[in-house]
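Trainee: I should like to examine a single strand of this structure closely, together with whatever surrounds it. Please take me through it in one connected account.

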Amino acid sequence: MSDKELESDGNGSVLLLVNKSDPEAFKQVEPAMLSAFGHLGIPYKIWDLSAGSPSKKDYINYSCVILGQDHIGKRLGQKGAEALSDAV
């Protein structure tokens, strides 16, 4: 099973926040995060913050949110952080 086959939506999945507009940092996502998810059989959904931040409604569909890269909180921004906080 490839790592991509585990990408999933819905309750019980992990929401992995990444920033694909930072290619150097994004290169680390595959070996660090996706391989671990694949090894452990954890279903996940990748959310690219370069296309916008999730809303509270988006966050509540997942059992866990992981900031998948260094400095991703800055990319999340105030509005995205508030939505995450409200969802928790």
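Mentor: Five of the five residues of β1 are buried, so this strand is largely enclosed by the rest of the structure. Buried here means under 20% relative accessible area, exposed means over 50%, and partly exposed lies in between, with a 1.4 Å probe and protein chains only. Helices (H or I, at least four residues) and strands (E, at least two) are DSSP runs numbered from the N terminus. The model is a predicted one, in which local features need pLDDT of at least 70 and side-chain atom pairs count only at pLDDT 80 or more, while totals for chains, interfaces and linings use all residues. Residues are numbered from 1 along each chain as its sequence is written, and side-chain values use heavy atoms, with hydrogens and water left out.

The two faces of the strand come next. In a regular strand the side chains alternate between the two faces of the sheet. In β1, V14, L16 and V18 lie on one side and L15 and L17 on the other, and all of them are buried, so that both faces are covered.

The neighbours of β1 within the sheet can now be placed. Three strands make up an open sheet in the order β2-β1-β3, with parallel pairing; two strands are said to pair if DSSP finds at least two bridges between them. β2 and β3 (64-67) stand at the edges with a single partner strand each, so one side of each has no neighbour in the sheet. From one strand to the next, the twist averages 25 degrees. β1 and β2 run parallel and are joined by five bridges; L17 is opposite W47 of β2, and L16 is opposite I46 of that strand. Towards β3, the parallel pairing of β1 extends over four bridges, and V65 is the bridge partner of L15 there.

α2 packs on this sheet, where it touches β1, β2 and β3, and its direction makes about 175 degrees with that of β1. For that angle, axes are lines fitted to C-alpha atoms, for helices over the stretch in contact, and angles run from 0 to 180 degrees between N-to-C directions; contact means heavy atoms within 4.5 Å.

One face of β1 belongs to the largest nonpolar core, whose nine residues are V14, L16, V18, V29, M33, L34, F37, Y44 and I46. A core of this kind is a set of buried Ala, Val, Leu, Ile, Met, Phe, Trp, Tyr and Cys residues joined through side-chain atoms within 4.5 Å. Two or more residues are given to this core by each of β1 (14-18), α2 (29-40) and β2 (44-48), and α2 supplies the largest share, four residues. M33, one of the core residues, touches L16, Q28, I66 and G68 when residues up to four places away in sequence are not counted. A second core, separate from this one, has eight residues, among them L15, L49, L76 and A83.

Beyond the strand, N19 lies in the loop between β1 and α1 (23-26). With a relative accessibility of 10%, N19 counts as buried. Its side chain makes a polar contact of 2.5 Å with the side chain of S21. A polar contact is a pair of N or O atoms within 3.5 Å; within protein, one must be able to donate a hydrogen and the other to accept it, and residues adjacent in sequence count only if both atoms are side-chain atoms. Leaving out residues up to four places away in sequence, N19 touches F26, D48, S50, Q69, I72 and R75.

To set the strand in its wider context, the protein chain has four helices and three strands, and from the N terminus on the elements run β-α-α-β-α-β-α. Of the 88 residues in the protein chain, 30% are buried. Among contacts in the protein chain with a separation of 6 or more, 80% are between residues 24 or more positions apart.
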